[in-house]
Amino acid sequence: MTEQTMPRPPVSAGATQAGLMEQYEKDRLGHLLASVERHGPVVELTEGTVLVNDPAAVHDVLRRTNTDFLVTGNIRRDEVSGVRGDPATEAWMRGRRATQKGMSPPALEAHRAWLTEETERLCDRWRARPSVADPVAELELLSARSFARFCFGTRDAGSAAPRTGDLLNALTPLISSPFHFPPAVRRFLPRYRRSVSAQKNLEAELRRVLDGPGEGGLVDALAAAGLDAEATVRMLVSNGLASYRVPAAAVTWALVALAREPEVSEECAAAVNPDGTAVPDILRWTIAESLRLWPPNWLILRTANGEQNCGGWSVPAGAAVMISPYVVHRTAPVFTDPLTFRPHRWASLQPTAGEYLPYGIGSRWCVGKALADLELATVLSTLVARFRFTVDHMDPLPDVRTTLLPARLTLGLRAR
């Protein structure tokens, strides 16, 4: 290999594990962004932990997931193989393919009318109030019910939605903790045991729903693809967790942006189609720009399967690889004036691979993107057509324990 083609090593930030932990916990997003600004696009934050922010390298890491870069933890951060060919990994990927196939245009269109009616009911409740404290919580319930209805068709979803919320709340201390205890220790932690109990309760409820009367929905598509009941339950748990908070966070950030930019809000409201069948350009651009500035999935983790070369950069064997869409979206050259909310930039903007990834890319991209897109467009268009919003309060730093969320947000409401 010639000198010109030798991969570049990451720039060392020179931090100890303890030093990194201290700075990271003060402001996780700020620390990652400052590390890139100070050291460059690929940084070894501390020994064995590499932040990858170069778009070409980001694309390379995510494209080679399941082979050279692995997902080595499950929803509880228990260790898993993640290697292509491993039976558990292959079963998981089959489930993902079946899920994607089940989110067909006819199924989504049929779901849109139900979601519009449910959002109108939310508007009726909000119309009697001057403000909404913690709108994410109310939008989460709508999102969870939307996912349950899309999955189960005419079956009674029972308590699947609230039990999904219970599991997400139980998982939050595990996901958000910077400390990773050995398996022999973790299994005795009260928070770990609570998460196991919450997951068992959710799985039991999902089995009950699947055994009940009714038909249609995503679960029929999964069965037609050959997934048995237990594989279906595993997919419903994972996808249900992703569908519970992420769409709610995305809609809420868009409302925050529109509250701060009333001219864009008025443009969106004027462009909304009464029948809701077509999404106006300005609304699509607003969603894309909100996802750029505040991607709910703000951090992607991989593990280097041996020493790797990604996008011309070397990554040590076994390194924990961090990719932050939040940071990429603020530093990729394609985004001029990157800290400013400018939805009209999307009229002609075409990011290249690795520059824009609110749904991820590669084999582990968000399999529920089609349903999420439908929810964002339907809920946001309905809300913006009914209300003008103001930000009455929001903490300076967002909540990043799991999904990227506005902290202690109160939105003021004024009916149109």
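**Close-up views of a predicted model**

**View 1. Surroundings of His-31 in helix 2.** His-31 is located in helix 2, which covers residues 28–39. The model shown here and in the views that follow is predicted. With a relative accessible area of 17%, His-31 is buried, since buried means under 20%. When residues up to four places away in sequence are set aside, His-31 touches Leu-20, Gln-23 and Tyr-24.

**View 2. Packing of helix 11 against helix 15.** Two packed helices are described by the angle between their axes and the distance between the axes. For helix 11 (residues 229–260) and helix 15 (residues 369–386), the axes come within 10 Å and cross at roughly 40 degrees. This angle makes helix 11 oblique to helix 15. The crossing of helix 11 and helix 15 is right-handed. On the side of helix 11, the residues in contact are Pro-247, Ala-250, Val-251, Ala-254, Leu-255 and Leu-258. Their partners in helix 15 are Glu-375, Leu-376, Val-379, Leu-380, Leu-383 and Val-384. By class, the contact of helix 11 with helix 15 comprises eleven nonpolar residues, no polar residues and one charged residue.

**View 3. Packing of helix 11 against helix 13.** The axes of helix 11 and helix 13 are 9 Å apart, and the two helices pack at an angle of about 105 degrees. Helix 11 and helix 13 are therefore roughly perpendicular to each other. From helix 11, Ala-250, Trp-253, Ala-254, Ala-257 and Leu-258 meet Thr-286, Ser-290 and Leu-291 of helix 13. The residues of the contact of helix 11 with helix 13 divide into six nonpolar, two polar and no charged. Ala-250, Ala-254 and Leu-258 of helix 11 appear both in the contact with helix 15 and in the contact with helix 13.

**View 4. Packing of helix 12 against helix 13.** Helix 12 (residues 262–271) packs with helix 13 at an angle of about 135 degrees, and their axes are 8 Å apart. Helix 12 is thereby oblique to helix 13. Helix 12 contributes Val-264, Glu-267, Cys-268 and Ala-271 to the contact, and helix 13 contributes Ile-282, Leu-283 and Thr-286. The contact of helix 12 with helix 13 has five nonpolar residues, one polar residue and one charged residue. Thr-286 of helix 13 takes part in this contact with helix 12 and also in the contact with helix 11.

**View 5. Aromatic pairs and an aromatic cluster.** The count of aromatic pairs comes to six. In one pair, the rings of Trp-253 and Trp-294 have their centres 5.1 Å apart and their planes at 10 degrees, so the pair is stacked. Trp-253 belongs to helix 11, whereas Trp-294 lies in the loop between helix 13 (281–293) and strand 6 (300–304), so the pair ties together parts that are 41 residues apart in sequence. Trp-253 and Trp-294 are both buried. In another pair, Phe-335 and Trp-346 have ring centres 6.1 Å apart and planes at 50 degrees, so the pair is tilted. Phe-335 and Trp-346 both lie in the loop between helix 14 (325–331) and helix 15, so this pair ties together parts that are eleven residues apart in sequence. Both Phe-335 and Trp-346 are buried. Trp-126, Phe-387 and Phe-389 form one aromatic cluster.

**View 6. Surroundings of His-344.** His-344 is located in the loop between helix 14 and helix 15. Its relative accessibility of 40% places His-344 in the partly exposed class. Not counting residues up to four places away in sequence, His-344 touches Glu-267, Ile-282 and Trp-285. Of these, Glu-267 and Ile-282 also take part in the contact of helix 12 with helix 13. His-344 and Asn-273 are 71 residues apart along the chain, and their C-alpha atoms are separated by 19 Å.

**View 7. Surroundings of Glu-307.** Glu-307 occupies a place in the loop between strand 6 and strand 7 (308–310). At 63% relative accessibility, Glu-307 counts as exposed. Apart from neighbours within four places in sequence, Glu-307 is in contact with Val-315, Pro-316 and Ala-317. The C-alpha atoms of Glu-307 and Asp-68 are 8.7 Å apart in space, while the two residues are 239 residues apart in sequence.

How values were computed:
Residues are numbered from 1 along each chain as its sequence is written. This is a predicted model: local features need pLDDT of at least 70, side-chain atom pairs count only at pLDDT 80 or more; totals for chains, interfaces and linings use all residues. Side-chain values use heavy atoms; hydrogens and water are left out. Axes are lines fitted to C-alpha atoms, for helices over the stretch in contact, and angles run from 0 to 180 degrees between N-to-C directions. Helices (H or I, at least four residues) and strands (E, at least two) are DSSP runs, numbered from the N terminus. Angles under 35 degrees count as roughly parallel, over 145 as roughly antiparallel, 65 to 115 as roughly perpendicular and the rest as oblique. A crossing is left-handed if the near helix is turned anticlockwise from the far one by less than a right angle, and right-handed if clockwise. Contact means heavy atoms within 4.5 Å. Ala, Val, Leu, Ile, Met, Phe, Trp, Tyr, Cys and Pro count as nonpolar, Asp, Glu, Lys and Arg as charged, and the others, Gly among them, as polar. Rings of Phe, Tyr and Trp (its six-membered ring) pair if their centres lie within 6.5 Å; planes under 30 degrees apart count as stacked, over 60 as edge-to-face and the rest as tilted. Buried means under 20% relative accessible area, exposed over 50%, partly exposed in between (1.4 Å probe, protein chains only).
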